[in-house]
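Student: I'd like to learn how the labels on a protein structure are earned. Could we go through one together?

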Amino acid sequence: MENHNEDAAIERKIIYKGAKIAPLIIGNEAFGVLGNVGSTSNLLVYFTTVFNMNSITATNLVNILNGSSSLAALPGAIISDTYSGRYNAVAVGSISSFLGLLVLALTALPQMHPPQCVAGSTSICQGPSRGQFQFLIVGIVLTVIGAGGIKPCNLAFGVDQFDPEAESSIQGINSFFNWYYMSVALGMLISVTVFVYVQTSLSWALGLGIPAALMFIACICFLVGTKYYVRVKPEGSAYTSLLQVIVVAIKKRHLKLPQKPGLNLFNYVPSKSTTSKLPYTAQFRFLDKAAVMSEDDEINSDGTAANAWELCSMQKVEELKSLVRLIPMWFAGILYFVFISMMENYAVFQALQLNRHLGRTNFQIPAASFIGIALLTTSLWLVIYDKIIVPVLRKFTGKEGGITNIERITIGIAIAILAMVVSAMVEKHRRNVAIKLGLLISPLSWVWLVPQLVIAGVSFPFGVVGLYELYYKEVPDGMKSIGGSFYYCGSAISSYLSTFILSMVQKETTRSSIGDWLPNDLNKGRLDYFYYLMAGLQVVNLVYFVACAKWYNSKGFRGVIPDTDHEVNKLKGLEV
């Protein structure tokens, strides 16, 4: 009895630092982005000019790195939620990323890469030795492992620092999401401008060494707060319980559901459980049969099911439902990421065929740096949104975030449509001027690209942050890291989907009378038509997402156990 009281006292001593400790986690992410993006954003040029790889090999290696880094978030989330916990995942991931970037920086040393090709000669161009290539791969593998620990867990670990029972934490968490993504945007902005310039114009060793040093600072930022962090311990495999619900529901598919499932299904929840209790929702009712008690089911003296593969609690059923409900929304997120991918890539191609001189000077802005305009807009807009717009909206809506995450994502997709339409209009004008003057490079100033990039930059805080926050808040409590993996896996899949769309458009338009819409020389193509096509895709995505939003029920319903769809709809005012 005394031990029980002592344990209870210890649990009550948990001190949530919230906004006081959040800067360390945001600092870890900000310096981590500076390190990772600063090192990897220009690797295509590094592999072809320093390692003397052909363009195909270099492109494939970069794609493998980017795709693997995003997909690694899924196993990283499972491991952290089930075994290691988020603190250990972020700590190990940060250290692994630092070691990986350190290895990449060391490859810039003369003895760690092949000699420079002789100008004008194709025969005297030696590729990397086996040892040099293997050393490079070690750096890439360490970087991917680091991404698997950091990406799905860092944001979730930051939210862990806020007291879930305090009403003030809701506003703090909303601000944390905004400031977290702003730090990411600023880090990416510096990486694609300052670091790209240092690497290509000054020194690769310096340009890769600085990001590695910044990643080391990211490790220090995170580890210095170790004794102050709240560490949520994993409660075993939440994924096993999801599988149990599916298996038991199939076994009991012939049983009839009670008239009031919310009141009559087996619904044991341990008193010491750290997961919030979920009310019954009247969707996916075939899964409810996993919680229907039959004559053969046995209950232990403590209230648990004797065999979890024969009877599941309504809590476990609802946790699976909350995850399944996210999948249609996730598909909409993938299509939104296609917009981001297309905007980032083709804005660069447009910039290459515009006048990129800064004023009347001889300095030309690197084409790859133009995405920085969108990132700068995102950073500024997040500050304005969090400090000015949200407080005003909160007075009218009564919602802590001003608007719901679903409303936020809807606005993001709508603005993406506008960005694509404006991009098409700008491209049509750029192309017409270039063709009229018979020039490859249009004399129009790069300033013409600013409107489409600014609009895209405004879309990101609504769409990107809204999606990330939706994924995090709506996954089961024992699977918070999976919310981050939803985001990054969606981003990875969108890259493959973008490649498929580009291939299909190029294949079909090449056969048409107009010709290829997307040739190397944009003056010979119709990029404006492609932008309109992408705007149409986002219109379809917007309609699809709104339809999903009307059907969607948040897992956040609290305090009431609705038994019918009508009762569920009455609770729809809750913020999602």
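Tutor: Sure, let's take a few labels one at a time and set each value against its definition.
This is a predicted model, so local features need pLDDT of at least 70 and side-chain atom pairs count only at pLDDT 80 or more, while totals for chains, interfaces and linings use all residues. Residues are numbered from 1 along each chain as its sequence is written, and side-chain values use heavy atoms, with hydrogens and water left out.

Student: What makes the pair of F337 and Y487 edge-to-face?

Tutor: Rings of Phe, Tyr and Trp (its six-membered ring) pair if their centres lie within 6.5 Å; planes under 30 degrees apart are stacked, over 60 edge-to-face, and the rest tilted. The centres of F337 and Y487 are 5.2 Å apart and their planes are at 90°, so edge-to-face it is. The pair also links distant parts of the chain, with F337 in helix α13 (residues 314-352) and Y487 in helix α17, 150 residues apart. Ring pairs join both of them into a cluster with Y336, F339, F460, Y468 and Y488.

Student: And why is the pair of Y46 and F47 called tilted?

Tutor: The centres of Y46 and F47 are 6.2 Å apart, with 45° between the planes. That pair is one of 29 aromatic pairs in the structure.

Student: How do you know whether Y46 is buried or exposed?

Tutor: Buried means under 20% relative accessible area, exposed over 50%, and partly exposed in between (1.4 Å probe, protein chains only). Y46 has 0%, so Y46 is buried. F47 is at 0% too, so F47 is buried. T82 comes out at 6%, so T82 is buried as well.

Student: Where does T82 lie?

Tutor: In helix α5 (residues 73-84). A helix here is a DSSP run (H or I, at least four residues), numbered from the N terminus. T82 and K233 are 151 residues apart in sequence and 9.0 Å apart in space, C-alpha to C-alpha.

Student: How do you know that the span of helix α15 agrees with what it should be?

Tutor: The expected span is 1.5 Å times one less than the number of residues. Helix α15 (residues 405-437) has 33 residues and should span 48 Å; its end C-alpha atoms are 48 Å apart, so the two agree. Next comes G438, whose phi is positive, near 65°.

Student: What is the angle between α16 and α17?

Tutor: Helix α16 (residues 450-474) and helix α17 (residues 480-510) pack at about 145°, with their axes 7 Å apart. Axes are lines fitted to C-alpha atoms over the stretch in contact, and angles run from 0 to 180 degrees between N-to-C directions.

Notes
Helix = DSSP H or I, 4+ residues; strand = E, 2+ residues; numbered from the N terminus.
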